[in-house]
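Welcome, and thanks for taking a look at this one with us. Please open the structure and keep it beside you as you go through the briefing.

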Amino acid sequence: MNSPNPALISQDAVKRLPRVALLLFCAAYVLPGLFGRDPWRNEDLTAFAYMLKMAQGQTSWLAPTVGGLELHTALLPHWLGAGFIIMLSPWLDPPLAARLLFAGLLTLTLVLTWYTTFQLGLTDAAQPLPFAFGGEAHRVDYARAIADGALLALVASLGLLQLGHETTPELVQLNAVSLYLWGLSAVPRHRRAGRAAVLVALPALSASGAPAMALAMGSWGVIVHLQHRLDPGLQRFWVWGLVATAVSVLAGVLAHGWASRWGFSPTWLQLTQLARLYAWFLWPAWTLALWTLWRWRWQLMQRHLSIPLGVAAVSLLACSVMGGSDRALMLALPPVAVLAAFALPTFQRSTAAAIDWFSVFFFTGCAIFIWVMYSAMQTGIPARPAANIAKLALGFKPSFSLPRLLIAIAGTLAWLWLVRWRTGRHREAVWKSLVLPASGVALCWLLAMTLWLPALDYARSLRPWVARIARHVAPGACIATAGIPRSQVAALEVHGHYQVDATPGAEQRKCAVLLLPARAPAPQGWKLIARERRPTEREETTAVYRRSEAAGATPSSEGH
């Protein structure tokens with residue numbers, strides 16, 4: 001015999017989280033880091049470079065290149081970014097124009113996760129049991145409170161912080177997964193909109209670089225709805241899911257997205273690394289999701305659990321198969337947050353109190369640390385942190401910004417008020433356990449993107465590295481490269497406006513300057529003129545060479 005529905009919750013426990021507070025909270029999470037910084041190194045800068053070159057008409061939209069290197073990821077996200085750059089020029093700088101698009105996608109992901117949980121919370125199987133004498137939660141109020149909890153769980157997830165604020169194809173994939181979840185959840189009540197969402201989401205996911213995941217998620221959706229094909233509103237929906245899956249396969253072929261990314265080896269080291277990645281990346285939502293699966297274990301094939309569970313499982317499997325890809329794992333965050341929300345009506349008061357106290361101490365400590373380091377950067381007090389910053393970021397000169405300081409102060413005061421509010425009022429609200437974890441993450445992100453933004457931008461941007469290269473290479477020069485990361489090739493073109501040739505055999509062609517990793521053997525016919533590294537990197541050194549016959553035109557002293 002199946003155990004009863006574990007959700008027992010009163011109407012008092014589903015009080016609405018104030019909408020203004022929820023909107024301000026989302027703004028505090030999405031907006032910091034949007035303004036006043038460069039694209040950061042690695043994937044963020046590389047993706048932006050391709051978007052910029054397409055927008056400026058300097059490369060083909062069908063086969064874009066940067067430094068002669070072809071794009072090896074999906075075209076669709078780069079087309080979207082390039083389109084926004086064109087649309088918003090010349091009013092906005094290209095980095096901000098591209099970042100606005102992806103900030104909008106992050107916002108849409110939050111919205112879709114809320115509405116997905118709301119639709120699933122309305123299902124009969126998800127509703128709490130009625131009380132003998134009445135007073136149980138009303139259907140819509142319950143679904144709304146659970147949806148608030150899912151949104152808070154998503155924001156509280158540590159893995160979404162940096163990756164969710166980049167301009168990379170994975171954010172388009174994340175949005176497609178969120179749209180797919182909403183389509184599956186909404187189809188009983190919004191049949192046409194749900195079908196349209198599924199027909200758009202799976203091909204978009206495939207065209208954004210994840211065709212295998214689109215095929216797996218689509219297949220799972222078909223299986224789930226075959227089991228519920230007799231339910232009102234779900235007749236023949238499995239056919240639409242099958243069509244969307246087939247179209248996603250075709251989209252993957254047209255976008256040249258099908259490629260083997262196998263990187264898994266069943267060694268103890270890799271298994272340990274995977275477990276560590278799962279633990280911190282999905283924290284704290286994964287703990288609540290596991291509790292949901294245990295408490296609702298007799299209803300796992302009900303739609304409010306089977307839909308997010310299957311989508312999350314696909315992402316977890318993809319992460320493992322790819323050898324621990326955090327960008328594949330990011331696609332599990334919306335479904336895991338949905339699962340986490342259904343743990344809330346089953347919590348005991350002691351569990352909620354433990355989460356609150358942990359959040360208060362942990363995030364207050366993080367905030368204090370950020371403020372102390374800010375004081376060290378601005379005033380030199382405390383002395384030891386100031387000395388460490390000067391040592392780790394050679395050449396960094398702190399700058400003071402009154403608006404950023406005021407925003408940080410306002411965020412800190414809001415956190416203190418929220419802690420007092422949480423412990424003094426609305427103790428019965430079902431979403432109460434996730435208010436402090438989500439707010440703590442938003443607070444630390446806000447403080448980091450205001451108080452630490454100049455230092456972080458100095459450390460994460462490749463502009464300082466390009467400035468060091470520019471001491472030895474004239475503006476607009478042709479530079480050949482071999483063996484340096486693709487992001488450095490992108491930085492030379494984006495920040496330095498150099499003509500870069502990074503294709504094999506580039507050193508044998510016309511360029512008079514050559515950049516190599518410092519440990520690479522010196523090529524014949526080239527003279528070393530400098531060794532440069534990023535100011536915040538001790539290991540990664542770049543050797544600058546000039547053709548021997550032109551060596552006299554460049555200073556022979558080495559940069560350090």
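In which helix is Leu413 found? Leu413 belongs to helix α18, which covers residues 402–424. Please bear in mind that this is a predicted model. The points below start from that leucine and then go through cysteines, aromatic rings, a covered helix and salt bridges.

**A nonpolar patch on the surface**

- Leu413 is exposed, and its relative accessible area is 53%.
- Together with Phe400, Leu402, Leu406, Ile409 and Leu416, Leu413 makes a nonpolar surface patch of about 590 Å².

**Cysteines, bonded and free**

- The disulfide count comes to 1, and the bond joins Cys478 to Cys511 with an S to S distance of 1.8 Å.
- This pair links distant parts of the chain, with the two positions 33 residues apart in numbering: Cys478 is in strand β3 (residues 478–481), while Cys511 is in the loop between β4 (499–501) and β5 (513–517).
- Cys478 is buried at a relative accessible area of 18%, and Cys511 is buried at 2%.
- Cys26 takes part in no disulfide, as the nearest cysteine sulfur, in Cys444, is 17 Å away.
- Cys26 is buried too, with a relative accessible area of 16%.
- Why does Cys366 not form a bond with Cys444? The closest cysteine sulfur to that of Cys366 is in Cys444, and at 4.5 Å the two are too far apart for a bond, because a disulfide needs sulfur atoms within 2.5 Å.
- Cys366 is partly exposed, with a relative accessible area of 24%.

**Aromatic rings and their neighbours**

- The structure has 15 aromatic pairs.
- One of them is Phe358 with Phe362: the ring centres are 5.6 Å apart and the planes are at 10°, so the pair is stacked.
- Both of these phenylalanines lie in helix α16 (residues 349–379), where they are 4 residues apart, or about one turn of the helix.
- Phe358 is partly exposed at a relative accessible area of 42%, and Phe362 is partly exposed at 40%.
- Is the pair of Phe396 and Tyr458 stacked or tilted? Their ring centres are 5.5 Å apart and their planes are at 45°, so this pair is tilted.
- Phe396 and Tyr458 link distant parts of the chain, 62 residues apart: Phe396 sits in the loop between α17 (383–392) and α18, and Tyr458 in helix α20 (residues 453–460).
- Both Phe396 and Tyr458 are buried.
- Phe358 and Phe362 also belong to one aromatic cluster with Trp283, Trp286, Phe363 and Trp415.
- Arginines sit over rings as well: the charged end of Arg297 is over the ring of Trp294, 3.8 Å from its centre, and Arg37 lies over the face of Trp40, 4.4 Å from the ring centre.

**A covered helix**

- How many of the residues of helix α15 are buried? In this helix (residues 333–341), 9 of 9 residues are buried.
- The buried residues of α15 include the prolines Pro334 and Pro335, along with Leu333, Val336 and Leu339.

**Salt bridges**

- Across the whole structure, a search finds 13 salt bridges.
- Arg37, the residue over Trp40, also meets Asp44 in a salt bridge of 3.6 Å, N to O.
- Arg37 and Asp44 are both buried.
- Asp38 pairs with Arg463 in a salt bridge of 2.9 Å, N to O.
- That bridge links distant parts of the chain, 425 residues apart, with Asp38 in the loop between α1 (19–30) and α2 (43–55) and Arg463 in helix α21 (residues 463–470).
- Asp38 is buried, with a relative accessible area of 12%, whereas Arg463 is partly exposed, with 41%.
- Arg144 and Asp141 form a salt bridge of 3.0 Å, N to O.
- These two are separated by about one helical turn, because they are 3 residues apart in helix α5 (residues 139–156).
- Glu43, Glu166, Glu170 and Arg327 are joined into one network by salt bridges that share partners.

Definitions and conventions. Residues numbered from 1 in each chain as written. Predicted model: local features only at pLDDT ≥ 70, side-chain atom pairs only at ≥ 80, totals over all residues. Heavy atoms only, no water. Patch = residues over 30% accessible without salt bridge, like charges linked within 9 Å, V, L, I, M, F, W, Y side chains within 5 Å. Areas by Shrake-Rupley, 256 points an atom, 1.4 Å probe, with all protein chains shown as cover. Salt bridge = Lys/Arg side-chain N within 4 Å of Asp/Glu carboxyl O. Buried < 20%, exposed > 50% of the residue type's maximum accessible area, 1.4 Å probe, protein only. Phe/Tyr/Trp six-rings, centres within 6.5 Å; stacked < 30°, edge-to-face > 60°. Lys NZ or Arg CZ within 6 Å of the ring centre and 35° of its normal.
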